[in-house]
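User: I'd like a close look at the ligand site in this one, please. Take me through what surrounds the ligand, then move outward from there.

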Amino acid sequence: MILVTGATGTIGRHVVDVLSRTRPVRALVHDRQAPWEGAPVQVVRGDYADPRTLAAAMDGVRAVLVVTNDPLRPEHDAGLVTAAAAAGVRHLVKLSALAVTDPDADDLITRWQREAEDRIRASGTAWTFLRPRAFMSNALSWARSVRHEGVVRAPFADAPNATVDPRDVAHAAVRVLTEPGHEGRAYALTGPEPLTPLRQTEILADVLGRPLRFVELSREEHLRRLAARHPEPVAEALVRSAERQLAGAKGRPDDTLPRLLGRPARTYRRWAEDHADAFAPAAAEGEPQ
Ligand SMILES: NC(=O)c1ccc[n+]([C@@H]2O[C@H](COP(=O)([O-])OP(=O)(O)OC[C@H]3O[C@@H](n4cnc5c(N)ncnc54)[C@H](OP(=O)(O)O)[C@@H]3O)[C@@H](O)[C@H]2O)c1
């Protein structure tokens, strides 16, 4: 049995969908409603802070996709590793981030990801690290202003990022979880091309068939907006991460993903076409994932 944690999140949801086409899969669900009903998806409720729920979720499990998302709660990462070892799990596949390989990246989020990788390496359980660049789906944070005003507000208009389609990250995770030979490896997962926020806006406008205006946010404006949604140290780390993009640290595409999947990585245009509804004026309120 394979256990997918973070199963209602951006990557986990796709991983459960793809895995369940060919085999039974267990999905660890926290607060949100599970979108699956019955076989082949076994939904189990759990909380990274509650070892009893983790022990139950890992019973009889061979491999786990590990997805955590709170840099201020490293005990979540530790709890998952401890529960996996106790349950005899043989392979931990961790969703990490490509920033861990950048010697200049020293923000809170990157340090948290490095420490989580170190903890898994030291655990004695076989591991694989998936290290994606920024997800193309982060552009969904623009959906509301695009729908209502035809405006994209973002910092660092000209800073390139080789953003990756989360569906490609999920397909890579499925390969690693189901095939032999990935143990002890770390995979850089990027999209096919470096794109600036300005260029992403142009592509989105082209796909939507209507003009969009780009408004560049200052560092302070960007920080203020992030701080409305995240604890202050996390917001500050996200801004520092964006600043490294400004310095050109995130633009280089990597060929690991196409080699792993046996096909090219999906483009941002393709992602925008597949998610155009989220940006359409009539789309429902509430930011989709
Ligand atoms: N976004 C990017 O551009 C990017 C790029 C590179 C790497 N990453 C990494 O990707 C990871 C996040 O992946 P994602 O975007 O797929 O996740 P996500 O959409 O943020 O979702 C997080 C998932 O974890 C679950 N979760 C949170 N707290 C939990 C708890 N206490 N117990 C059990 N489940 C809990 C959530 O369930 P509830 O919602 O019900 O709590 C949700 O299913 C992070 O490690 C991030 O650093 C992200």
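Analyst: Here's a walk through the ligand site, followed by some other spots in the chain.

Keep in mind that this is a predicted model. Let's begin with the shell. There are 26 residues around the ligand, and the ones that come nearest are Thr8, His30, Asp31, Arg32 and Thr68. By residue type, the shell splits into 10 nonpolar, 12 polar and four charged. Two helices are worth picking out here: H1 (10-19) and H4 (108-121) each supply at least two residues of that shell.

Now the polar contacts. Arg32 has a polar side-chain atom 2.7 Å from an oxygen atom of the ligand. Asp47 also uses its side chain, with a polar atom 3.1 Å from a ligand nitrogen. With Phe135 it's the backbone: one of its polar backbone atoms sits 2.8 Å from an oxygen atom of the ligand. As for coverage, the ligand on its own has 930 Å² of accessible area, and the protein covers 84% of that.

Asp47 deserves a longer stop. You'll find Asp47 in the loop between S3 and helix H2 (51-58). Its relative accessibility is 27%, so Asp47 counts as partly exposed. Besides the ligand nitrogen, the Asp47 side chain reaches the backbone nitrogen of Ala49, at 2.8 Å. Skipping residues up to four places away in sequence, Asp47 touches His30, Thr53 and Leu54; of these, His30 is also one of the residues that come nearest to the ligand. For a sense of scale, Asp47 and Leu80 are 33 residues apart along the chain, with their C-alpha atoms separated by 9.9 Å.

Next up is Gln33, in the loop between S2 and S3. Gln33 has a relative accessible area of 71%, so it is exposed. Leaving out residues up to four places away in sequence, Gln33 touches Thr8 and Arg45, and Thr8 is another of the residues that come nearest to the ligand. Looking further off, the C-alpha atoms of Gln33 and His148 are separated by 28 Å, and the two residues are 115 apart along the chain.

That loop between S2 and strand S3 (41-45) also holds Pro40. The peptide bond leading into it, from Ala39 to Pro40, is cis, with omega near 5 degrees. That's one to check when you prepare the model, given that most peptide bonds are trans. Pro40 is in turn touched by Pro24, whose contacts beyond four places in sequence are Met1 and Pro40. Pro24 itself is in the loop between H1 and strand S2 (25-29). If you want a long-range pair, Pro24 and Val164 are 140 residues apart in sequence and 27 Å apart in space, C-alpha to C-alpha.

Back to H4, one of the helices that supply shell residues. Ile109 lies in this helix, and with a relative accessible area of 19% it's buried. The cut-off is under 20%. What does Ile109 touch, not counting residues up to four places away in sequence? The list is Pro71, Val234, Ala237 and Leu238. Take Ala237: this residue is 128 places from Ile109 along the chain, yet their C-alpha atoms are separated by 6.2 Å.

Val234, Ala237 and Leu238 fall in the numbering of helix H9 (232-246), which brings us to H8. Which residues of helix H8 (residues 219-227) are buried? They are His222, Leu223 and Leu226. Viewed down the H8 axis, these buried residues fall within an arc of 100 degrees, so they line one face of the helix. That fits the general geometry: an α-helix has 3.6 residues a turn, so residues three or four places apart point the same way. Glu220 and Arg224, on the other side of H8, are exposed. The cover over the buried residues of H8 includes strand S7 (151-155), strand S9 (213-217) and helix H9.

One last backbone detail follows on from S7. Phe156 is found in the loop between S7 and helix H6 (166-178). Its phi is near 55 degrees, a positive value in a residue other than glycine. Most residues other than glycine have a negative phi. Phe156 counts as buried, at 11% relative accessibility.

Technical notes
Residues are numbered from 1 along each chain as its sequence is written. This is a predicted model: local features need pLDDT of at least 70, side-chain atom pairs count only at pLDDT 80 or more; totals for chains, interfaces and linings use all residues. Side-chain values use heavy atoms; hydrogens and water are left out. Buried means under 20% relative accessible area, exposed over 50%, partly exposed in between (1.4 Å probe, protein chains only). Helices (H or I, at least four residues) and strands (E, at least two) are DSSP runs, numbered from the N terminus. The arc is that of the directions from the helix axis to the C-beta atoms. Contact means heavy atoms within 4.5 Å. A residue is near a molecule or strand if one of its heavy atoms lies within 4 Å of it. A polar contact is a pair of N or O atoms within 3.5 Å; within protein, one must be able to donate a hydrogen and the other to accept it, and residues adjacent in sequence count only if both atoms are side-chain atoms. Accessible areas come from the Shrake-Rupley method with a 1.4 Å probe; for residues, only the protein chains shown count as cover. Ala, Val, Leu, Ile, Met, Phe, Trp, Tyr, Cys and Pro count as nonpolar, Asp, Glu, Lys and Arg as charged, and the others, Gly among them, as polar.
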